[in-house]
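Reader: I have a model open and want to go through it by question and answer. Please keep the replies short.

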Amino acid sequence: MSLELQLQRFPKEISLKDGAKVQLRPLRRDDEKAFHEFFLAVPERERMFIKHRVTDQSVIHDWCQNIDLGRNLPLLALLDGKVVADATLHQQLGGWKRHIGRVSVLVHPQYRGRGLAKAMVHEIVEIARHTGLEKVEAEFIGEQEAAIHMFAMLGFSNLLRLEDYVKDMQAISHDYILMGLDLTTDEEYAGVRSEEHTSELQSPNT
């Protein structure tokens, strides 16, 4: 299935654990101000772990004015016009890792603990699965224990851990963790879901 067909599913609305409803859709050019405000709301300590200087207006301007969803697909969660989360699928269109996508996610501090990050990563993984990618990866530093735990719950496994391997924006060294998830084909995935559904119907405990 093509990326264009996947993007036709958006915008879509999802419900959070507390009943709040947010809209999911890809980044647009006119999101520049709201997207920048979203990153400014992230605590400074967390921004040190982001690879780009997201407080710099010119960085966000460049992202919004040069959108290439085939390479970087930022999926935003919006509530009352405010960006409350971003999950991005990064792809290399050529080379050794052209079959592997990379997933990143960030949630506004006021909207954490509601299942939003998990829901958005699930959406990104489904897009990756149905656009032909075979694997997805996620990168972390050692201190991101909550995020590592959440990705593990979604089926990601530890591929690599290197001590004091990366440096944040203040040149402080941190452990580097790489996690990965193998994606089934559409047919395999449909078969697994069908088997799970049948098992649920037959289980005496349901």
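Reader: Which backbone oxygen lies 2.9 Å from a polar atom of the side chain of His36?

Author: This is a predicted model. His36 lies in helix H2, residues 32-40. Beyond four places in sequence, its contacts are Val54, Thr55, Asp56, Gln57 and Ile60. The backbone oxygen at 2.9 Å from a polar atom of the His36 side chain belongs to Thr55.

Reader: Does His36 count as buried or exposed?

Author: Buried means under 20% relative accessible area. His36 has 10% relative accessibility, so the residue counts as buried.

Reader: Which residues of H2 make the contact with H4?

Author: Helix H4 covers residues 57-65, and its axis comes within 9 Å of the axis of H2. On the H4 side, the contact uses Gln57, Ile60, His61, Trp63, Cys64 and Gln65. On the H2 side, the residues are Glu32, Phe35, His36 and Phe39.

Reader: Are H2 and H4 parallel, perpendicular or oblique to each other?

Author: The two axes cross at roughly 135 degrees. H2 passes H4 in a right-handed crossing. Over 145 degrees would count as roughly antiparallel, and 65 to 115 as roughly perpendicular. H2 and H4 are therefore oblique.

Reader: At about what angle does H2 run to S4?

Author: H2 lies across three strands: S3 (72-79), S4 (82-91) and S5 (100-107). Its angle to S4 is about 95 degrees.

Reader: Which strands stand at the edges of the sheet?

Author: The open sheet has 8 strands in the order S1-S2-S3-S4-S5-S6-S8-S7, with mixed pairing. Two of them, residues 12-15 and 157-167, each have a single partner strand, so one side of each is left without a neighbour in the sheet. From one strand to the next, the twist averages 25 degrees. The edge strands are S1 and S7.

Reader: Which residue in S8 stands opposite Leu160?

Author: S7 pairs with S8, residues 173-182. The sense is antiparallel, over 7 bridges. Opposite Leu160 stands Leu178.

Reader: What is the bridge partner of Gly101 in S6?

Author: S5 and S6 pair in the parallel sense. That pairing runs over 3 bridges. The partner of Gly101 is Val136.

Reader: How many of the 7 residues of S6 are buried?

Author: Helix H6 (residues 145-153) lies across S5, S6 (135-141) and S8. H6 runs at about 160 degrees to S6. S6 is largely enclosed by the rest of the structure, because its buried residues number 5 of the 7.

Notes:
Residues are numbered from 1 along each chain as its sequence is written. This is a predicted model: local features need pLDDT of at least 70, side-chain atom pairs count only at pLDDT 80 or more; totals for chains, interfaces and linings use all residues. Side-chain values use heavy atoms; hydrogens and water are left out. Helices (H or I, at least four residues) and strands (E, at least two) are DSSP runs, numbered from the N terminus. Buried means under 20% relative accessible area, exposed over 50%, partly exposed in between (1.4 Å probe, protein chains only). A polar contact is a pair of N or O atoms within 3.5 Å; within protein, one must be able to donate a hydrogen and the other to accept it, and residues adjacent in sequence count only if both atoms are side-chain atoms. Contact means heavy atoms within 4.5 Å. Two strands pair if DSSP finds at least two bridges between them. Axes are lines fitted to C-alpha atoms, for helices over the stretch in contact, and angles run from 0 to 180 degrees between N-to-C directions. Angles under 35 degrees count as roughly parallel, over 145 as roughly antiparallel, 65 to 115 as roughly perpendicular and the rest as oblique. A crossing is left-handed if the near helix is turned anticlockwise from the far one by less than a right angle, and right-handed if clockwise.
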